[in-house]
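I'm opening a fresh page for a structure I haven't looked at before. Here is what I want to go through, one item at a time.

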Amino acid sequence: MLTRLRENISVVFDRDPAARNILEVVCCYPGFHALSLHLVANGLWRRNCKLLARMVSHFSRFITGIEIHPGATIGRRVFIDHGMGIVIGETAEIGDDCTLYHGVTLGGTSWNKGKRHPTLERGVIVGAGAKILGPITVHEGGKVGSNAVLVKDVPANATAVGIPARIIEEVDKSRAAKAEQMGFSAYGISADMNDPIVKAIHGMLDHSVTTDKRIEAILAKLEQLGVNCEAERAQGDQFDPGYLNRIVD
């Protein structure tokens, strides 16, 4: 247990630049307090001292604002930053080296017994206010954006954002190169945007504009060769990508 406490202190210095000394961490960091008391509560829970375990958990909630069910499984070097409003359910599992910010919920979606809370594998980061619901898994290195509502698995090293959360995966380099070669952006928006639906729509819009330009060039060439293309030009679809871009932004 002393080893775990030392790790919980050390991880604060690794992930919080505001931490200045050990005494400050021990006295003033609710995440450290909650995890330390959970070690006690979980030990009592596994020894079938259920009521005493719940009392320790309740006391921890009272002094930290962080509610961790004593039955939850929490790995090593987990960091809880700020922590206020965090709720971790009974069958939740948190792997080593995970980070949770304030307002996170690892909740259930069923009243049935058995596994009903999420599993976070090693190195997962969950942003402030995110809700991860049900017996789903955020695989190793996954990230959940602030205020996301997640109800499905997240692949390793992927990011989930939005309500309901959608998966943003890394753009394959060959795909990006092909997109560049075709003359349109695969996502059509700046890299700091993170809504996958917006990205997909903008990508389709860019591709549509490129296709229209090519068709126009073909019609112009045919007219130079003496082909009458007035009928084809009259059948234009009146598509306005600029308007669609504006309402999506």
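What follows are my notes on cysteines, unusual backbone spots and nonpolar cores.

**Before anything else.** I'm working with a predicted model, so I keep that in mind throughout.

**Cysteines.** How many disulfides does the count come to? I get 0 disulfides. I wanted to see how that plays out for Cys-27 and Cys-28, so I looked up their sulfurs. The nearest cysteine sulfur to that of Cys-27 belongs to Cys-28, and it is 5.6 Å away. From the side of Cys-28, the nearest one is that of Cys-27, again at 5.6 Å. A disulfide needs the two sulfur atoms within 2.5 Å, so this pair doesn't make the cut. I note that neither is a matter of being hidden away: Cys-27 is partly exposed at 49% relative accessibility, and Cys-28 is exposed at 55%.

**A cis peptide bond.** Next I went along the backbone. I found a cis peptide bond joining Ile-163 and Pro-164, with omega at about -10 degrees. Where does Pro-164 sit? I place Pro-164 in the loop between strand S14 (159-161) and strand S15 (166-168).

**Positive phi, entry one.** Arg-77 caught my eye: it isn't a glycine, yet its phi is positive, about 60 degrees. I traced Arg-77 to the loop between strand S2 (73-74) and strand S3 (79-80). Buried, partly exposed or exposed? I have Arg-77 down as partly exposed, since its relative accessible area is 26%.

**Positive phi, entry two.** Asn-157 is another residue other than glycine with a positive phi, near 65 degrees. I find Asn-157 in the loop between strand S13 (149-150) and S14. With 55% relative accessibility, Asn-157 counts as exposed.

**The largest nonpolar core.** Then I turned inward. Nonpolar side chains in soluble globular proteins tend to be buried together. Which residues touch the most other members of the largest nonpolar core here? That core has 30 residues, and my list for it reads Ile-88, Ile-94, Leu-120, Val-126, Ile-132 and Leu-150.

I picked Leu-120 and wrote down its contacts, skipping neighbours within four places in sequence. Among them are Ile-94, Val-126 and Ile-132, and I also see Cys-98, Leu-100, Leu-106 and Val-138. Glu-93 and Gly-95 are in contact with Leu-120 as well.

**Another core.** Apart from that one, I noted another core of 8 residues. Its members include Ile-9, Val-12, Phe-32 and Phe-79.

Notes: Residues numbered from 1 in each chain as written. Predicted model: local features only at pLDDT ≥ 70, side-chain atom pairs only at ≥ 80, totals over all residues. Heavy atoms only, no water. Buried < 20%, exposed > 50% of the residue type's maximum accessible area, 1.4 Å probe, protein only. Helix = DSSP H or I, 4+ residues; strand = E, 2+ residues; numbered from the N terminus. Core = buried A, V, L, I, M, F, W, Y, C linked by side-chain atoms within 4.5 Å. Contact = heavy atoms within 4.5 Å.
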